[in-house]
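Colleague: I would like a close look at a single strand of this protein, explained slowly enough for someone in the first year. Please take one residue of that strand as the starting point and work outwards from there.

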Amino acid sequence: MKLRQIFLAILFLFVMVGCEGTITGIVVDAETGQPIEGAVILVEWTKAKGLPGMTYTESHKVVEVVTDKEGKASIEGVLSPMVSAPRITVYKKGYVA
């Protein structure tokens, strides 16, 4: 029975790899620590396609949001073990990443 529980726990961990719930965060100025309003956040999830040794990635979901006056943003994630971890890009005119 204990071996079965360990197996199920390991299986659960493998299934949850790449799964994301809601992504939340605050964009702040690196020098002042002040929140940045109007920053654009682009999040993209990709999915591997093709045969082993001949794979390519395809966009699965793309979301773009703008931070509020407190620099906060929230994005619904993807709950799928077949989707890669998200790539997050933040942009605001006048700032350098």
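Which residue in β5 is the bridge partner of Val43?

Modeller: The bridge partner of Val43 in β5 is Ile88, and from this pair we can build up a picture of β2, the strand that covers residues 40-51. This is a predicted model, in which local features need a pLDDT of at least 70 and side-chain atom pairs count only at 80 or more, while totals for chains, interfaces and linings use all residues. Residues are numbered from 1 along each chain as its sequence is written, and side-chain values use heavy atoms, leaving out hydrogens and water. The mean pLDDT (the predictor's confidence in each residue, from 0 to 100) is 83 for the protein chain, with 78% of its residues at 70 or more. Confidence is highest in β3, at a mean of 93, and lowest in helix α1, residues 2-16, at 55.

The protein chain has 1 helix and 5 strands (DSSP runs numbered from the N terminus, with at least four residues of H or I for a helix and at least two of E for a strand). Along the sequence they follow the pattern α-β-β-β-β-β. On one side, β2 runs antiparallel to β5, residues 87-91, and 5 bridges join them; two strands count as paired when DSSP finds at least two bridges. Besides the pair we began with, Val40 of β2 has Tyr91 as its bridge partner in β5.

Strand β2 is also joined to β3, residues 54-66, by 12 bridges, and these two strands again run antiparallel. Here the bridge partner of Ile41 is Val65, and that of Glu44 is Val62. The two strands form a hairpin with 2 residues between them, and Gly53 in the turn has a positive phi of about 85 degrees.

Put together, these pairings give an open, antiparallel sheet of 3 strands in the order β3-β2-β5. Because β3 and β5 stand at the edges with a single partner strand each, one side of each is left without a neighbour in the sheet.

The side chains of β2 add a second part to the picture. The largest nonpolar core (buried Ala, Val, Leu, Ile, Met, Phe, Trp, Tyr and Cys residues joined through side-chain atoms within 4.5 Å) has 13 residues, and Ile41, Val43 and Trp45 are among those with the most contacts inside it, as are Val27, Val63, Val65 and Ile75. At least two residues of this core come from each of β2, β3 and β4, which covers 72-76, and the largest share, 3 residues, comes from β2. In the protein chain of 97 residues, 21% are buried (under 20% relative accessible area, with exposed over 50% and partly exposed in between, for a 1.4 Å probe and protein chains only). Trp45 has a further contact, since the charged end of Lys61 sits over its ring at 5.3 Å from the centre (the limits are NZ of Lys or CZ of Arg within 6 Å of the ring centre and within 35 degrees of the ring normal).

Finally, the loop that leads from β1, residues 22-26, to β2 contains Pro35, which is partly exposed, with a relative accessible area of 37%. The C-alpha atom of Pro35 is 5.5 Å from that of Glu70, although the two residues are 35 residues apart along the chain.
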